[in-house]
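Colleague: I am new to this structure and would like a close look at a single part of it. Could you take one chain and walk me through how it is built and how it relates to its partner?

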There are 2 protein chains.
Amino acid sequence: LQRAQIRIGILGGGQLARMIIEAGYKYNFEFHILTREPSSPAGLVTKYETAADWNDKDVIKNFAKECDVLTLENEFISERVIDVIEMLGVKLYPAPAAIKLIQDKLIQKQTLKKLGIPVADFIQVSNDEDIKSFANDLNYPVILKSRTMGYDGKGNYKIDSENEINNAVSLLSSRGRLLCEEFVDFDKEIAVQVVRNPDGEVKIYPVVETVQKDHICNLVLAEEDMFKHISGKVHKIASSIVNHLDYTGVMGIEMFLKKEGEIIVNELAPRVHNSGHYSIEGCFTSQFENHVRSILNLPLGSTELCCRAAVMINILGKNNNSNLVMELEKALGYNRTYIHLYGKRENRIGRKMGHITVLGEDINEALRIAKESRKCLNI
Amino acid sequence: LQRAQIRIGILGGGQLARMIIEAGYKYNFEFHILTREPSSPAGLVTKYETAADWNDKDVIKNFAKECDVLTLENEFISERVIDVIEMLGVKLYPAPAAIKLIQDKLIQKQTLKKLGIPVADFIQVSNDEDIKSFANDLNYPVILKSRTMGYDGKGNYKIDSENEINNAVSLLSSRGRLLCEEFVDFDKEIAVQVVRNPDGEVKIYPVVETVQKDHICNLVLAEEDMFKHISGKVHKIASSIVNHLDYTGVMGIEMFLKKEGEIIVNELAPRVHNSGHYSIEGCFTSQFENHVRSILNLPLGSTELCCRAAVMINILGKNNNSNLVMELEKALGYNRTYIHLYGKRENRIGRKMGHITVLGEDINEALRIAKESRKCLNI
């Protein structure tokens with residue numbers, strides 16, 4: 001880096017982009033945001049927000065021209081747009097090939113399987129019969145999934161019996177092609193963030209437990225030694241994925257942990273991940289800062305916990321109204337409690353409006369505080 | 001706080017304002033900067049920068065109108081401007097009375113003395129004779145100081161003998177009225193940050209050692225228990241100052257520590273302070289975040305160290321040129337090393353261009369790394 005001000009472009013203007021910017025300002029990098037709606041969460045914290053449709057070739061061309069490197073905050077970017085960026089010769093991290101591979105859950109799973117990484121049994125679905133014979137082998141329930149564009153449970157359908165197949169297929173088909181997966185009877189859902197830079201340096205964050213609520217990440221629990229017994233296995237899985245993909249950036253890996261200690265990789269996210277928000281205060285270097293470092297091929301920072309326990313709770317909207325009301329006075333009145341509000345203009349039920357992180361010596365005490373603090377915020 | 005977006009105005013656009021903004025974005029507050037020069041360090045990280053002369057009544061009026069609360073990043077703001085803000089009825093923190101008191105080093109010292117806080121002997125200076133008789137009582141050297149507008153050694157003159165008096169007085173008189181102080185033969189220079197909110201909650205950061213280079217803060221050393229033996233005394237001093245002044249915000253307190261353990265308060269700064277930059281990564285809540293919390297009367301965050309040792313080294317410009325060159329690749333290649341670049345357009349010898357913080361288990365090892373990392377940056 002020989003220039004005073006490096007220009008980083010982010011495709012998307014949500015909270016992930018916002019937190020990347022908040023982490024990157026310390027280096028005096030300039031952040032450019034391309035987003036559909038103006039005054040996006042990320043756009044509120046930078047001078048350089050372009051509100052336009054990135055599916056328009058000219059939009060993406062003009063945006064890319066004003067940036068030294070591009071990255072993304074969500075993987076729902078069309079192949080066509082990625083191709084335009086590649087043709088322009090502008091650096092995009094994660095690299096186009098890695099994004100495309102992860103975008104398609106079928107190809108993602110096939111790749112993981114080839115690498116010897118345990119995944120739930122799956123098949124490509126062309127018609128109802130495929131699901132029937134798959135379920136006959138494995139028993140119900142099975143999970144029908146859109147190959148692309150699924151998130152937070154959208155694009156998934158749990159099929160409990162044969163007579164649901166037709167309905168499930170017709171519901172999901174509008175989102176594109178489908179795959180079907182074995183239902184995994186897990187003990188816990190766990191996740192990890194891994195980061196890699198173009199030089200091949202790899203760092204892995206602590207393994208955390210994630211608790212979902214209506215298919216949306218609600219709680220993340222991080223504790224020293226909590227997953228010590230499986231961390232070797234997880235590290236091997238995470239490194240082999242990013243090394244195989246020659247991956248650059250932070251990747252979130254969602255996994256199932258079965259009772260007997262078996263790990264099943266559920267899904268990859270080619271970006272910073274909700275399960276890593278606790279790292280802002282809980283680790284020596286946050287996932288957001290390490291993402292910035294990695295896409296500029298800088299040395300990666302320590303991913304260790306800087307405390308014994310950290311709990312992150314999402315602030316999911318409780319009301320449908322456009323006037324946010326908050327009561328920070330009460331919610332901040334707990335020890336080592338940090339609140340992040342994303343600046344979304346409209347509150348909607350279930351929408352990710354912010355998050356709270358609590359650090360502590362004891363995970364249960366941190367969890368208790370996190371829940372109490374959340375209750376104080378009238379959002 | 002019942003509104004979604006609180007607007008905080010900062011008088012001044014330097015690195016202190018910049019780091020306040022970086023810390024405050026997590027709450028989705030809006031930051032407005034009033035600065036003489038456009039594209040100031042703070043202006044680079046917010047949409048709302050007004051480049052104008054705040055001594056112009058209309059400028060300050062218009063700026064204040066767009067903010068819910070005002071604060072400052074340096075104390076060199078004229079009484080007239082403070083009066084305009086007061087007349088407008090816009091909240092300014094620290095409060096006008098506290099700023100005015102601290103601005104005048106004579107009144108500042110008189111106040112400390114009245115509170116029973118140990119300060120160096122001092123007199124008000126009207127003419128050369130005042131200095132002569134003061135020095136005859138105490139012996140040379142003595143320190144001649146401007147009552148106002150002094151910083152980083154500017155406005156100070158160490159008088160070693162009687163024949164320097166005339167020169168010293170004529171040099172400093174252009175800056176306004178003068179005071180003269182006893183020269184304190186100290187063992188170490190130490191500092192502390194204290195923060196207080198309008199509700200009267202007070203939190204005090206660890207006592208740190210500061211090392212100056214040409215009268216500019218160069219190094220700050222923070223270590224668990226390093227000043228355990230005097231921390232009770234320092235806490236008493238710090239609380240009594242902020243409580244007496246009914247102070248709101250962060251205050252930096254510079255002190256001398258004498259061999260026998262005596263503490264002499266040197267100077268107060270009514271703002272976040274260079275000696276507290278280490279707190280961004282080294283403490284559970286940074287001085288910048290606690291400043292934001294305090295001026296909004298929010299509960300204050302933990303000021304404890306989150307590691308055993310932290311070292312901050314200032315990146316003081318080594319060259320006079322306008323093209324910054326940096327080599328982050330090397331400088332970031334150390335464990336738990338954090339680099340902050342302030343975005344100043346021009347590099348000048350001795351100018352504060354950024355800082356590096358290193359966390360560790362051992363203060364000497366952290367210091368070694370901080371110095372090595374600094375050497376890698378060609379600024």
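Modeller: What follows is a look at chain A, from its overall build to a few local details and then to its partner. Please keep in mind throughout that this is a predicted model.

Taking the chain as a whole, chain A holds 12 helices and 17 strands. Its radius of gyration is 21 Å, close to the 21 Å that the globule rule gives for 379 residues, so chain A is as compact as a globular protein of that length. Along the principal axes, the C-alpha atoms of chain A fill a box of roughly 60 × 50 × 45 Å, and 60% of the 379 residues count as buried. If one takes the contacts in chain A between residues at least 6 apart in sequence, 63% of them join residues at least 24 apart. The accessible surface of chain A comes to about 14,600 Å², with 46% of that area belonging to carbon and sulfur atoms. As for charge, chain A carries 47 positive and 51 negative side chains, and the centres of these two sets lie 3 Å apart.

Two loops of the chain deserve a slower look. In the loop between helix H6 (128–138) and strand S6 (142–146) of chain A one finds A:Pro141, and the peptide bond that leads from A:Tyr140 to A:Pro141 is cis, with omega near -5 degrees. Chain B shows a cis peptide bond between B:Tyr140 and B:Pro141 as well, with omega about -5 degrees. The other loop, between strand S11 (208–213) and strand S12 (216–223) of chain A, is the place of A:His215, whose phi is near 70 degrees, a positive value in a residue other than glycine. A:His215 has a relative accessibility of 58%, and because exposed means over 50%, this residue counts as exposed.

Turning to the partner, chain A can be laid on chain B with an RMSD of 0.0 Å by a turn of 180 degrees and a shift of 0.0 Å along the axis, which is the relation of a two-fold axis. Among the residues of chain A, A:Lys47 comes closest to that rotation axis, with its C-alpha at 2.5 Å. Of the interface residues of chain A, 100% are also interface residues in chain B, so the copies meet through the same surface.

Note on methods. Residues are numbered from 1 along each chain as its sequence is written. Chains are lettered from A and ligands numbered from 1 in the order in which they are written. This is a predicted model: local features need pLDDT of at least 70, side-chain atom pairs count only at pLDDT 80 or more; totals for chains, interfaces and linings use all residues. Side-chain values use heavy atoms; hydrogens and water are left out. Copies are superposed by least squares on the C-alpha atoms of residues with pLDDT of at least 70 in both. Contact means heavy atoms within 4.5 Å. Helices (H or I, at least four residues) and strands (E, at least two) are DSSP runs, numbered from the N terminus. The radius of gyration is taken over C-alpha atoms; the globule rule is 2.2 Å times the number of residues to the power 0.38. Buried means under 20% relative accessible area, exposed over 50%, partly exposed in between (1.4 Å probe, protein chains only). Accessible areas come from the Shrake-Rupley method with a 1.4 Å probe; for residues, only the protein chains shown count as cover. Lys and Arg count as positive and Asp and Glu as negative; His and the chain ends are not counted. The place of a charge is taken as NZ of Lys, CZ of Arg, CG of Asp or CD of Glu.
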